[in-house]
Amino acid sequence: NEPWPGTTWQPCLNNANGCPLLEKSGLDPYYARMDAAIRAKGDKHLVFGEPYVLFNFGKSKTHIALPGKDRSSGLSFHMYALTAASEPAVLANALTWSAATGGALLETEFGATTYAPAIDRMVGESDKALIPWIFWSFDSVVRNLADPPTVSNFYQGAVSALVRPHPIAVAGTPTSLSYDPTSKTMSFTWSTTGPGGRHYTPATQTLFDVPFRTYPGGYVVSVSGGKVSRSGDESLAVVASSGATEVSVRIKPASR
């Protein structure tokens, strides 16, 4: 978690290219050993390595290798940019790494705030980049950690900013995702061709989480290139039309 490069940290922050030689000598051998140890026990989950913590500020790239050159691995990173204007750079640098290595991406920390507009902004940036995220931390969701996570103990604005509709399993390759917190409208588009050229049958469902908190009065769905195959209180399934190369879904409150 958030490794520190030591006394020679300056290039990792001040050089736009980062500190690739330091990563090669300091991080890559360690991650290779850890990956080998995990795989030796038969575990087949994705393995994530982290760049030096200074990557998270949005000022420089990372060049760490896939852990152990393992194709089932990726990059865990955090977004704590020095300014809001630098946040997209963190995500862009992560995408650059993924394009170079083929590794998966997971934004395992961001936020550390109860301020809903900031959470909305950061989640929106990550969704636009099509990068999955995990919020930091639970004490920015509940007021008192010693008490149960009941409604009276929630930071209501923070919870409402985090609880929003999302695709959770996609029969293809996501191409765009956006959510308007004012109108509570989610728009999502995907190609019916999956990563690596895989083709899914039209009956393969794309699944969405549609929270009751966001849509207490219900929701309506419009689909282009497909149709709704199942609609529940907090879940939605969509299938592609025969021959469709792209499907788009729009979810909004029933009253709008």
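I started with Glu2, which counts as partly exposed because its relative accessibility is 28%. Glu2 sits in the segment before H1. Its phi is positive, about 45°, although Glu2 is not a glycine. I note here that this is a predicted model.

**Other backbone oddities**

I looked for further positive phi values. Ala112 has one, near 50°, and is a residue other than glycine. I placed Ala112 in the loop between S3 and H5. Ala112 counts as partly exposed, since its relative accessibility is 46%. Two more turned up just after helices. Gly102 follows H4 with a positive phi of about 80°. Leu130 follows H5 with a positive phi of about 60°.

I then checked omega. The peptide bond from Trp136 to Ser137 is cis, with omega near 0°. Ser137 belongs to the loop between H5 and H6.

**Disulfide**

How many disulfides does the structure hold? I found one. The disulfide links Cys12 and Cys19, with 2.0 Å from S to S. The angle about the S-S bond is 105°, and the link of Cys12 and Cys19 is right-handed. Both Cys12 and Cys19 are buried.

**Helix H4**

I took H4 next, residues 87-101. This helix has 15 residues and reaches 22 Å from first C-alpha to last, close to the 21 Å expected. I listed its buried residues: Glu87, Val90, Leu91, Asn93, Ala94, Trp97, Ser98 and Thr101. Seen down the axis of H4, the buried residues fall within an arc of 160°, so they line one face of the helix. An α-helix has 3.6 residues a turn, so residues three or four places apart point the same way. On the other side of H4, I found Ala99 and Ala100 exposed. What covers the buried residues of H4? The cover includes strand S2 (73-79), strand S3 (104-110) and helix H5 (116-128).

**Helix H5**

I ran the length check on H5 too. Its 13 residues should span 18 Å at 1.5 Å a residue, and the end C-alpha atoms are 18 Å apart, so the two agree. Buried in H5 are Ala116, Ala118, Ile119, Met122, Val123, Glu125, Ser126 and Asp127. I traced what the buried residues of H5 pack against: S2, H4, S3, H6, S4 and strand S5 (173-180).

**Cores**

The largest nonpolar core has 37 residues. Which of them touch the most other members? I noted Leu75, Phe77, Leu105, Phe110, Ile119, Val141 and Leu162. At least two residues of this core come from each of helix H1 (10-14), S2, H4, S3, H5 and helix H6 (156-162). H5 gives the most to this core, with five residues. Apart from this core lies another, of 15 residues, including Tyr179, Tyr215, Leu236 and Val247.

I zoomed in on Val141. Not counting residues up to four places away in sequence, Val141 touches Phe135, Asn153, Phe154, Tyr155, Val159 and Leu162.

**Arg164**

Is Arg164 buried or exposed? Arg164 counts as buried, because its relative accessibility is 4% and the cut-off for buried is under 20%. I located Arg164 in the loop between H6 and strand S4 (166-169). A polar atom of the Arg164 side chain lies 3.1 Å from the backbone oxygen of Ala161. I then set aside neighbours within four places in sequence. Arg164 is in contact with Asp120, Val123, Gly124, Asp127, Tyr179, Asp209, Pro211 and Thr214. Two of these contacts, Val123 and Asp127, are among the buried residues of H5.

**Two strand residues**

Ala169 lies in strand S4. Ala169 counts as partly exposed, since its relative accessibility is 31%. Leaving aside neighbours within four places in sequence, Ala169 is in contact with Gln205, Thr206 and Leu207. I checked one of these by C-alpha: Ala169 and Gln205 are separated by 8.1 Å, and lie 36 residues apart along the chain.

Thr175 is in strand S5. Thr175 is partly exposed, with a relative accessible area of 42%. Not counting residues up to four places away in sequence, Thr175 touches Leu130, Thr189, Trp190 and Ser191. Leu130 is the residue with positive phi just after H5. I also took the span from Thr175 to Ala85. The two are 90 residues apart in sequence and 24 Å apart in space, C-alpha to C-alpha.

Definitions and conventions: Residues are numbered from 1 along each chain as its sequence is written. This is a predicted model: local features need pLDDT of at least 70, side-chain atom pairs count only at pLDDT 80 or more; totals for chains, interfaces and linings use all residues. Side-chain values use heavy atoms; hydrogens and water are left out. Helices (H or I, at least four residues) and strands (E, at least two) are DSSP runs, numbered from the N terminus. The expected span of a helix is 1.5 Å times one less than its number of residues. Buried means under 20% relative accessible area, exposed over 50%, partly exposed in between (1.4 Å probe, protein chains only). The arc is that of the directions from the helix axis to the C-beta atoms. Contact means heavy atoms within 4.5 Å. A disulfide is a pair of cysteine sulfur atoms within 2.5 Å. A nonpolar core is a set of buried Ala, Val, Leu, Ile, Met, Phe, Trp, Tyr and Cys residues joined through side-chain atoms within 4.5 Å. A polar contact is a pair of N or O atoms within 3.5 Å; within protein, one must be able to donate a hydrogen and the other to accept it, and residues adjacent in sequence count only if both atoms are side-chain atoms.
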